[in-house]
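Got the structure open in your viewer? Let's walk through it one selection at a time.

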Amino acid sequence: MVSIWDVALQELKASDNADKVTDRYILFAGASSCGKTTAILKFLARDEPTRPTIALEYTFARKSANMQNKLTGHIWELGGGTHLTKLVEVPINPDTLQHLTIAIVIDLSSPDKLWVTLEGLIKTTKERVDHIIKQLNKRDPNFSKTLKKATRHRLGLDKDNIESAEINAFPIPLVIIGSKYDLFQDMDFEEKKLIIGAMRCLAHCNGATLLFTSSKIDSTSKALRHVMNVAAFDGKLNKTSTIEDNKPMYIPAGTDNIDGIGTPPKSLTSIRGNNKTFLESWRSVFCNHFQQVQNDNEHEVGGGENPIHEKQFAEAKVDEARMQKDRVLEAYRRQEHQRWTSRIN
């Protein structure tokens, strides 16, 4: 016979499970000075000056889930553009993968770095995600199948979807943020069409949400905050798209299509993509018109800023010891130079 205490204990356990909340994670990546920190500050509603991101930085956001618990969104920001991508191993791990969103920020006003940066970061993060999926498959042989099913459901894909062959869906939620929309507005109309089409193509073929934003246009912050709230606190994504030439784009994952994106503008190039896939056609036309370049500054941590000289890391005793060692090294270099010079003479 079940006693009243047994019933009370069962109800308490059920209540504990109902109140249990799961932390969620966001990884921001992008080229140096593209607007990653600005996007994070906009989401957190913090009015403070930005500074160069040093390697991999962390912050968090909190929101009340109920009377007892708070939801926590852990936010990582990767500095150095495509140069420090090995650090993605920190936020992308077996404990975070199922509750992680990747947010890649792209500077719309620098199309000569757009495709190479976006495609490179998608490739690097996906390789790490695939590696973690293999690890989790060892614990649960059905993990990969379950994740693929969830991804297809999230994007509204099924076996009868004719566009499934063109989509190589990112295994976890992916958001592509086009920043500096205010500068983008002043560009040539035909070039803007090419940039918009390329961004839509890359987002669609990778199953990503796409949005344009600007720190100088307050109305663009609404979509950014909404998408980041969904990522940080497991909300429901608004599936109503905004696709107009004179307005910032907002295209939720799974709502765009090849017919809507169309083919690259013929007026900007003589290249034709008749024998290429949808993605390859857009890549060849875009990269032919906007010759892609790597940012040399990204070979320095934080886009050219040496962390040794950052005031936030200042340590008087350590800095003095470093200066002494530098002086000893310089004296040694001069001595060796003189020795070799005398031998030659």
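Here is a short tour, from the whole chain down to single residues.

**The whole chain**

Keep in mind that this is a predicted model. Start in cartoon view, where the protein shows 10 helices and seven strands. Of its 345 residues, 42% count as buried. Now think about contacts between residues with a separation of 6 or more: 69% of them join residues 24 or more positions apart.

**Stop one: helix H2**

Select residues 36–44, which form helix H2. How many of the residues of H2 are buried? Seven of the nine are, so the helix is largely enclosed by the rest of the structure. To see them, pick Lys36, Thr37, Ala39, Ile40, Leu41, Phe43 and Leu44.

What covers these buried residues? Bring up strand S1 (24–30), strand S2 (56–64), strand S3 (70–78) and strand S4 (100–107), which are included in the cover, as is helix H7.

Next, zoom in on leucine 44, still in H2. Leucine 44 is buried, with a relative accessible area of 17%. Setting aside residues up to four places away in sequence, leucine 44 touches Thr59, Phe60, Ala61 and Ile75. Try a distance label between the C-alpha atoms of leucine 44 and alanine 61: they are 17 residues apart along the chain, and the separation is 6.8 Å. Then step to alanine 45, which follows H2 and has a positive phi, near 55 degrees.

**Stop two: where H2 meets H7**

Add residues 221–233, helix H7, to your selection. The two helices pack at an angle of about 80 degrees, and their axes are 9 Å apart. That angle makes H2 roughly perpendicular to H7.

Show side chains here. On the H2 side you want Ala39, Lys42 and Phe43; on the H7 side, Ser221, Leu224, Arg225, Met228, Asn229, Ala232 and Phe233. Colour them by class and you get six nonpolar, two polar and two charged residues in this contact.

**Stop three: phenylalanine 233**

Stay in H7 and click on phenylalanine 233. Is it buried or exposed? At 10% relative accessibility, phenylalanine 233 counts as buried. Leaving out neighbours within four places in sequence, phenylalanine 233 is in contact with Arg24, Phe43, Ala61, Arg62, Lys63, Leu71, Thr72 and Gly73. Arg24 deserves a click too: 209 residues along the chain separate arginine 24 from phenylalanine 233, yet their C-alpha atoms are 6.6 Å apart.

**Stop four: the nonpolar cores**

A bit of background: in soluble globular proteins, nonpolar side chains tend to be buried together. In this model, the largest nonpolar core has 53 residues. Select Leu27, Ile92, Leu97, Ile102, Ile195, Met199 and Phe212, the ones that touch the most other members.

Centre on isoleucine 195. Beyond its neighbours within four places in sequence, isoleucine 195 is in contact with Leu108, Pro111, Leu114, Phe184, Met187, Phe286 and Phe290. Another core, of 23 residues, lies apart from the largest one; its members include Ala31, Cys34, Val175 and Ala231.

**Last stop: serine 284**

Finally, head to helix H9, residues 278–289, and find serine 284. Serine 284 counts as buried, at 16% relative accessibility. What lies 3.0 Å from a polar atom of its side chain? Turn on backbone atoms and look for the oxygen of serine 281.

Terms used:
Residues are numbered from 1 along each chain as its sequence is written. This is a predicted model: local features need pLDDT of at least 70, side-chain atom pairs count only at pLDDT 80 or more; totals for chains, interfaces and linings use all residues. Side-chain values use heavy atoms; hydrogens and water are left out. Axes are lines fitted to C-alpha atoms, for helices over the stretch in contact, and angles run from 0 to 180 degrees between N-to-C directions. Helices (H or I, at least four residues) and strands (E, at least two) are DSSP runs, numbered from the N terminus. Angles under 35 degrees count as roughly parallel, over 145 as roughly antiparallel, 65 to 115 as roughly perpendicular and the rest as oblique. Contact means heavy atoms within 4.5 Å. Ala, Val, Leu, Ile, Met, Phe, Trp, Tyr, Cys and Pro count as nonpolar, Asp, Glu, Lys and Arg as charged, and the others, Gly among them, as polar. A nonpolar core is a set of buried Ala, Val, Leu, Ile, Met, Phe, Trp, Tyr and Cys residues joined through side-chain atoms within 4.5 Å. Buried means under 20% relative accessible area, exposed over 50%, partly exposed in between (1.4 Å probe, protein chains only). A polar contact is a pair of N or O atoms within 3.5 Å; within protein, one must be able to donate a hydrogen and the other to accept it, and residues adjacent in sequence count only if both atoms are side-chain atoms.
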